[in-house]
Amino acid sequence: MSDRQTPEQAWERVLLARHAERPQTLDYIAVAFPDFLELSGDRLHGDDKAVVAGLTTLGRRRIVLIGTQKGHTLKERQERSFGMPRPEGYRKAMRLARLGEKFGLPVVTLVDTPGAYPGKDAEEGGQAGAIARSIETFAGLTTPTVTVVIGEGGSGGALALALADRVFMLENSTYSVISPEACGALVWRDAAEGPRAAAALRVSASDLFELGLIDAVIPEPPGGAHTDHRQMANRLLREIELALDGLVDLEPAERLRLRHEKYLKMGSYATASSK
Amino acid sequence: MAKYVTIQVARKEPPPGPEAAGERCKNCNALLQPGELDKSLRVCPHCSYHYPLPSHERIAQFADAGTVSFLGEEVRAVDPLDFVDLRPYPQRLSDAQLDTGLTEAFLAATCEIAGRPAGIGVLDFKFLGGSMGSVVGERFYRLAQAAVDRRMALVVVAGSGGARMQEGLFSLMQMAKTVVSVQKLANAHLPYVTILTHPTTGGVFASFSTVADVIIAEPGAVMSFAGPRIIEQTIREKLPPGFGSSESQLAHGQVDMVVDRRQLRDRLVGILSLLQGDGAHV
């Protein structure tokens, strides 16, 4: 493990990951997926605008693309609940993932969310169960899966869309079990301690790669992804394509076995010699 | 103040329970005879208030006498992030071990339940809020694998504040690890039953707790993914009393049944026998 980031360094990543001009799912679609066909609804309750999902092509390959969308303007952010999915959002993602499986299409997810929507209706509508079943669905898909954390990976609400054969993070994205502010409030009783908490939690892409929790870090243009959406999109596309090249040749059963093995190995613990 | 990812629950949590002679139930104020609570699985005989039940008693409640064999005790926590905290994580762990007599939050065993081989796991809220870190995930996996290998049902009792913050993203990944473990059971067509106790929240509620074949809740338990305080901030209004309670979860279709602890074993035996038949399952 390299040296711990300073609180200032860690916080700089957090701010870049949340930058208002940072490319979001719909920006990548606009730049890189001109034939994107959006599909809507979970077929049970509603359509969650925090989750964008549809069919498109990547190089020569047809894929299912699913991403969370925070929005750039206040109006869009409100419409999309700041990228915080409700149960119907996770159910839409699961429906599209299964559609991909039915037609043998790889499933690509782009994750950028503060977390699942913390509302009364969402809770009563089965938020916890929807997240658990989404994890279960992505764990069991027979087609290749790739996830890229493009901004914020906020806790269980992010993991629900981030279980994949390959999980990448953009250089300045973050992924955490709890928001640095909430962690700061718990440890130091002050949400303003976010920078200290961000460093303690090791939320940066480079830290998480070193800890073996993600598969690769995708470099951003100098200054961050927001400085050049097109260049960022090109890098993102290339990495996803390369990952899929390596995954499509595996037998589905073997791919599934490897995916399960990867997640069953996750954890850091000791094995006591006695008892 | 707790230092794990914790959730303020609406229900007032009484301390472990009245012990000495002449103590009163913290809920209904009825006078309790010495040993009376222990005889009723720590449920108040007067008002049916469910006090926390320690892990070992939980296993003893379900398992046939003399059939329990613990597993995974050798799996112990480390401090993978060298977490910066007011009190070091290793110290929190050793304090919790001293306080509870447990080595970690998850106690795993194989046993027989009414003559039927089964794996049983208990996540105990008393150990660092029942928070799920790498050890909980690994013990869960080993227990599920034992159930697959020996073609047994798996029963897991949950009580948790969520993920263990001090292990950062390692903790979050235990949600995936436990769900994948359950998938192995499902692929082997083996029953998996969860019993949700007060409180079951956060990443534990949103992982292995809710992907069971049958989900049972204890009366009066509170379950939620987000914390009630955060929800109130989001919707800018007070949550109604009973929000997230077992009874509310039942009404909203999130659990199969609410069962009094004193009837839990019989109900569990009934569920397993209907799912598995008389041992000659395919």
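This is a short chat about chain B of the predicted model and how chain B meets chain A.

Me: Hi! What should I know about the numbering and the model before I start?
Reply: Residues count from 1 along each chain as its sequence is written, and chains are lettered from A and ligands numbered from 1 in the order in which they are written. The model is predicted, so local features need pLDDT of at least 70 and side-chain atom pairs count only at pLDDT 80 or more, while totals for chains, interfaces and linings use all residues.

Me: Cool. How many helices and strands does chain B have?
Reply: Chain B has nine helices and nine strands. Those are DSSP runs, numbered from the N terminus: helices are H or I with at least four residues, strands are E with at least two.

Me: And how much of chain B is buried?
Reply: Of its 282 residues, 51% count as buried. Buried means 20 or more other C-beta atoms lie within 10 Å of the residue's own, with C-beta atoms placed from the backbone.

Me: Which strands pair with β7(B)?
Reply: Strand β6 (residues 192-201) of chain B pairs with β7 (residues 214-217) in the parallel sense over four bridges, and B:Ile195 stands opposite B:Ile216 there. Strand β9 (residues 257-258) of chain B also runs parallel to β7(B), joined by two bridges, with B:Val258 as the partner of B:Ala217. To count as a pair, two strands need at least two DSSP bridges between them.

Me: Switching to the helix α9(B): what does it pack against?
Reply: Its buried residues pack against α2, β3, β4, β5, β6 and β7 of chain B. Those buried residues are B:Arg261, B:Leu268, B:Ile271 and B:Leu272. Right after α9(B) comes B:Gly277, which has a positive phi near 70°.

Me: Now the other chain. How many residues of chain B are in contact with chain A?
Reply: 53 residues of chain B are in contact with 47 residues of chain A. Contact means that the C-beta atoms, placed from the backbone, lie within 7 Å.

Me: Which element gives the largest share on chain B's side?
Reply: That is α5(B), with 14 residues.

Me: What kinds of residues are on that side of chain B?
Reply: There are 31 nonpolar, 15 polar and seven charged residues. Here Ala, Val, Leu, Ile, Met, Phe, Trp, Tyr, Cys and Pro count as nonpolar, Asp, Glu, Lys and Arg as charged, and the others, Gly among them, as polar.

Me: Which strand of chain A joins β2(B)?
Reply: Strand β9 (residues 269-271) of chain A does, running antiparallel to β2(B) with three bridges. One of the partner pairs is A:Ala270 with B:Arg76.

Notes: Buried ≥ 20, exposed ≤ 12 C-beta atoms within 10 Å, placed from the backbone. Contact = placed C-beta atoms within 7 Å.
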